[in-house]
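I opened this notebook to keep track of what I looked up in one structure. The entries follow the order in which I checked things.

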Amino acid sequence: MADQIAQVEASHPPEDLYGAQGFIPLGFIRNPDGSITREGVDPINPVSSYDSSPILLVKDIPVNPSKNTWVRVFLPKEPIKSSPDKKLPLLIYIHGGGLIKCSAAHPFFDDIYSIFAADIPAVILTIEYRLAPEHRVPAAYEDCLEVLQWIKNSQDEWLTQHADLSNSFIFGNSAGGNIAYHVCLIASSCVDDLKPLNIKGVILHQPFLGGVKRTESELRGVNDKILPQAVVDITWELALPVGADRDHEFCNPMLSVKLGQFDAIKGLGWKILVAGYEGDPLSDRQVELAKILEENGVEVVAKFDKGGYHGIEFYELPKMKILCDVVKKFVESFANVTA
């Protein structure tokens, strides 16, 4: 049970950590000694649940058994059958969950895997990374970087036969968008070490960001149905290094941008798609991130639609298909660009 307990500062009385707030309960209990107990286990879809899928071939591959990290790979059946010799773009997907919840195998993400794999089409590789508070950031960043190294060395036939590693994209949603941002900063400084994996672009969809001072969109969404600020604050308390506040660079990267920080990304010609909805309480921070990237010479595609809310695509399927079209257009924009 030791791996289910994580120590945090005992700055609050023992209490249920807002387990009943928000659309999805957090599922943590603060103990009298200040430790945190994870309540229950998130649901997962076993690979066998896809055996009858007319759309996908699916398998799990271990990456680092000592950390229990692995990847789940999705192949779209129709493109593989109709053009077996044609390799598909590789979409490296990093799931959300506030850095503290969910698995790459959570049923919540089924639609994004099936729709994106079939409609782009692409090989989808989704990462099972370690969660806080048992493993606080930067553990998730390290795990995803390790997966990039693993991909370049992998001899798995699904990847060697069907994935075009020279046409790869990092795609992070919500907390996965936070991870993708930090991973791309590091990966951009060591691209030669990642070859033959060649990252063309990065997709940050509703990235999970924060800060001590509330933005206007956060104030408007203080009691948001999906992402109320009380839950956001507790999530960051559980995810950040012990003692760090929400102005830490892992949470509020715009506060500490250094001169030349994005030079490697700019020099590589990577494009970054930042997408979201104005109804997301985090939208001001996402817009600010896109603006800072652009001001520092990074080629940015910014798409912020009116209305909406955080994670809307997972509750409204037509929005998922719209997002897929946006990502497909972004991926296809590199088709005639020389690496």
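**Entry 1: burial and overall form.** I call a residue buried when its relative accessible area is under 20%, exposed when that area is over 50%, and partly exposed in between. The model is a predicted one. By that cut-off, buried residues make up 55% of the 339 residues in the protein.

I then looked up the overall dimensions. The C-alpha trace spans about 60 × 45 × 40 Å along its principal axes. For the secondary structure I noted 11 helices and 11 strands. The radius of gyration is 19 Å, and the globule rule gives 20 Å for 339 residues; the two are close, so the protein is as compact as a globular protein of that length.

I also looked up how far along the chain the contacts reach. Of the contacts between residues at least 6 apart in sequence, 76% join residues at least 24 apart. The accessible surface comes to about 14600 Å², and carbon and sulfur atoms account for 54% of that surface.

**Entry 2: strand β5 and its neighbours.** How many of the eight residues of strand β5 are buried? I found that eight of eight are, over residues 69-76. I checked the two sides separately. T69, V71, V73 and L75 lie on one side, W70, R72, F74 and P76 lie on the other, and all of them are buried, so I noted both faces of β5 as covered.

Next I looked up the pairing partners. Strand β4, residues 56-64, pairs with β5 in the antiparallel sense over eight bridges. Within that pairing, D60 stands opposite R72 of β5. β4 and β5 form a hairpin with four residues between them. In the turn, N68 has a positive phi of about 55 degrees.

β5 also pairs with strand β7, residues 123-128, again in the antiparallel sense, over five bridges. I noted L125 in β7 as the bridge partner of V73.

**Entry 3: cysteines.** I searched the whole structure for disulfides and found zero. Why is C144 in no such bond? The closest cysteine sulfur to that of C144 belongs to C184 and is 12 Å away, which is too far for a bond. The cut-off I used is 2.5 Å between the sulfur atoms. C251 is in no disulfide either, since the nearest cysteine sulfur, again that of C184, is 17 Å away.

I then asked whether C144 is buried or exposed. C144 has a relative accessibility of 1% and counts as buried. C251 is buried as well, at 0%.

**Entry 4: salt bridges.** The search of the whole structure gave 16 salt bridges. I wrote down several of them.

The side chains of K152 and D193 meet in one, at 3.5 Å from N to O. Where do the two residues of this pair sit? K152 is in helix α3, residues 139-153, and D193 is in helix α6, residues 191-194. They are 41 residues apart, and I noted the pair as a link between distant parts of the chain. D193 is partly exposed, with a relative accessible area of 40%.

D192 and K195 also meet through their side chains, at 3.4 Å from N to O. Both D192 and K195 are exposed.

For D263 and K266, the closest N and O atoms of the salt bridge are 3.8 Å apart. These two residues are three apart in helix α9, residues 263-268, so about one helical turn separates them. Their relative accessible areas are 43% for D263 and 42% for K266. I therefore entered D263 and K266 as partly exposed.

I also found a network of salt bridges that links K67, R130, E142, D143 and E146.

**Entry 5: one residue in helix α10.** Last, I looked up E288. This residue lies in helix α10, residues 283-295. Its relative accessibility is 34%, and E288 counts as partly exposed. How far is its C-alpha atom from that of I44? I found a separation of 35 Å, with the two positions 244 residues apart in chain numbering.

Notes
Residues are numbered from 1 along each chain as its sequence is written. This is a predicted model: local features need pLDDT of at least 70, side-chain atom pairs count only at pLDDT 80 or more; totals for chains, interfaces and linings use all residues. Side-chain values use heavy atoms; hydrogens and water are left out. Buried means under 20% relative accessible area, exposed over 50%, partly exposed in between (1.4 Å probe, protein chains only). A salt bridge is a side-chain nitrogen of Lys or Arg within 4 Å of a carboxyl oxygen of Asp or Glu. The radius of gyration is taken over C-alpha atoms; the globule rule is 2.2 Å times the number of residues to the power 0.38. Contact means heavy atoms within 4.5 Å. Accessible areas come from the Shrake-Rupley method with a 1.4 Å probe; for residues, only the protein chains shown count as cover. Two strands pair if DSSP finds at least two bridges between them.
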